[in-house]
Amino acid sequence: MSASKTERLLNLLIALLERQRGYSKEELRSLIQPYREATSEEAFNRLFERDKDDLREMGVPVETFSEDTFFDSDHAVARYRIDRKAYRLPELSFTAEETAVLSLASRIWQQASLGSAAARAVRRLDVHGALAEGDSLIGIEPRLRTAEPAFDELLKAVLGHYPVSFEYRAATSTETSVRRVEPWGLGNRFGHWYLSGFDVDRQGQRTFRLSRISSGIKKLGGEVEVPADFTMRAALDALDPAREHGTARLLLKPGRAQSLRAAASHPPSPAAADAGDGRGDAPRDGWDELECPYTDVEILAEEIASHGANAIALAPQELVDAVVRRFQGALDAAAAPPPSYAFTAAAGTAGHKKSSSLDRLPRLLDLVSYVTGNPGVELEATARKFGISRSQLINDLNLLFVCGTPGYGPDQLIEVHWDNDTIFIENADEISPTVRLSIDEALSLVVGLQALETVPGVGERPAVRSALSKLLEATGGEHGLHRSLAADFDAEATTAEVQALQDAVAARETLRIEYLVSSRDEMTEREIDPLQVFAVNGHWYTEAWCHDRQAVRQFRADKIRTLQRTGRSFRPHAQPGSEFPQSLFTPRDSDQRAVLQLSPRLADLGDQYNAERQSALPGGGVAAELRLGTTAIIAPLVARYGGEVRVLEPQELVAATVEWLRAAAAVYSENPKARGLDS
């Protein structure tokens, strides 16, 4: 937000708070200079309406009422004011343990639009004096990503109660169709985000996985009425995998495809050489045949494709087709002319949304509340508390000088002093009370706490429920909007491992584990000192000191096949910072370089792999330069996404990936001789 807009909004806010009778638009135009300078009545009306909407978006309760509420009049005139009681944040007080879980809840929203809202909410509660001193929770750091491009627009639609349309590919189809939906809620489960709402064309409630939305979100006219009994939690519960499960038949090369073996419902058995598979007499001597349960054909197809020629799908046919489609799509993409690109942007800047332009005014309001409640606070300490530089803090204080109550005379402007590096703010009575939490700020904490209830080792804590109850009471439940957003850290398959890892972190106990290294498709034995447990994209991890590698490494909980306590304690290692984990991929001097072309849908994949540089591509998508410990993960990654990820550099990696894909596709050829199943 520009300084001029911030100044204009702050002066408007003070005016609407200062006068219980409120102001008409004409009065406000005569008082506030930028409104007087509007070139026309239409321009002023547009500016005023935007400002009013911006204040409401920040949680400021701007009221519209008629003048004849106060006076007998032949013609009612619309007036505007802010109810001071509704403006103020109610009195709140959290215990040390409640403060710890609130802090943890605010950090859940990794790389999400709700992340900055959660940070603002915690800062406001801190300024309000609601938070207690105490240690943060040690040993657990769950995270939720919202990398799907559609998330932000759909969240706006859910909060704004308006219908939308988008192109969508159902799980059982390769074709896309336009869907018109009245959105009711958004939720995260199994590591995926879902939209639930009323499908206008199919005349019924439907749930859509955001990763299958292949277009932008178009706002439609009208208003959405959400059923009174709807909760996103119930919609997520209806996604029970048992409702649409299936069983796949697979062939695996001996000793390979360990992740598929672990998921098998029956122990693998050597396949008979003369057994047919419905696609010809593929030679299968020595290969293992097994059955594998699945909940989503496309997800299982991704996993099978990532194993290339070491795994073959036999049935059902839709699974076979999904795997073949991935190989063919990746080969077709590799054969197309490469795009032109130039790395001119720093990592993470290509294709990303800017942070909210409305961050500065809430910070200014919190700053006034904090300094007026703590006169004489030190400049440096205040800058640290608000997470800004000393120069930015001084810029904020200078802006306050030109704001105040209407009339804007010397005795009506806010007075600010920072003599001897201690700050005093006076004549700011209207805005010194702490402003209430906005809808997105309240939601970010409420839903974060609800998500913590599903975290092993945390959800059972009474502080989670008590902190949630206090927030809901203080915010009035935001009119039930918290029922339209939900997130689960589903950990049924790994609950025991996650709890054991948390216990080891707390006790600083060395563990002995058997671990699957996916990049090498092999089982290894390790001794580790767990430092932290965290969740990203639906998976639980531990960051630990690996005795074998003599370095810090990250281990996925569901790839730990066995876990044993050693009874040995380890000395404290360097602890991760408050923003831990920054990335699942940490660059090292020995890393290899790769440049990938990512489709628009997967543009955020570069950030997940800690891309060093990114460049927007003509027609959408990005080129991302990665540094990887091994390029062995590249061909499986390309196969998973069937043409949406392509290798651009180096050329030897391009050639090796194409050769890998051709070998994988050959096992599905109709010509038995082209399958090349060498044991």
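Among contacts in the protein between residues at least 6 apart in sequence, what percentage join residues at least 24 apart? The share is 69%. Keep in mind during the tour that this is a predicted model.

**Whole chain.** Start with everything selected and coloured by secondary structure: the protein has 21 helices and 27 strands. Switch to a surface view next. The protein exposes about 30600 Å², and 47% of that area is supplied by carbon and sulfur atoms. Of the 679 residues, 49% count as buried.

**The sheet.** Now select residues 377-378, which form strand S15, then 415-417 for strand S16, and 422-426 for strand S17. Together these three strands make an open sheet in the order S15-S17-S16, and the pairing is antiparallel. S15 and S16 are the edge strands, each pairing on one side only.

**Between S16 and S17.** Zoom in on this pair, where three bridges join the strands in the antiparallel sense. To find one bridge, pick glutamate 415. Its bridge partner is glutamate 426, in S17.

**Helices on the sheet.** Keep the sheet displayed and add residues 360-373, helix H13. H13 lies across S15 and S17, and its direction is at about 105° to S17. Then add residues 390-400, helix H15. This helix lies across S16 and S17. At what angle does H15 run to S17? The angle is about 25°.

**Last view.** Show H13, H15 and the sheet together, with S17 as the reference: H13 lies across S17 and S15, while H15 lies across S17 and S16.

How values were computed. Residues numbered from 1 in each chain as written. Predicted model: local features only at pLDDT ≥ 70, side-chain atom pairs only at ≥ 80, totals over all residues. Heavy atoms only, no water. Helix = DSSP H or I, 4+ residues; strand = E, 2+ residues; numbered from the N terminus. Buried < 20%, exposed > 50% of the residue type's maximum accessible area, 1.4 Å probe, protein only. Contact = heavy atoms within 4.5 Å. Areas by Shrake-Rupley, 256 points an atom, 1.4 Å probe, with all protein chains shown as cover. Pairing = 2+ DSSP bridges. Axes fitted to C-alpha atoms, helices over the stretch in contact; angles between N-to-C directions.
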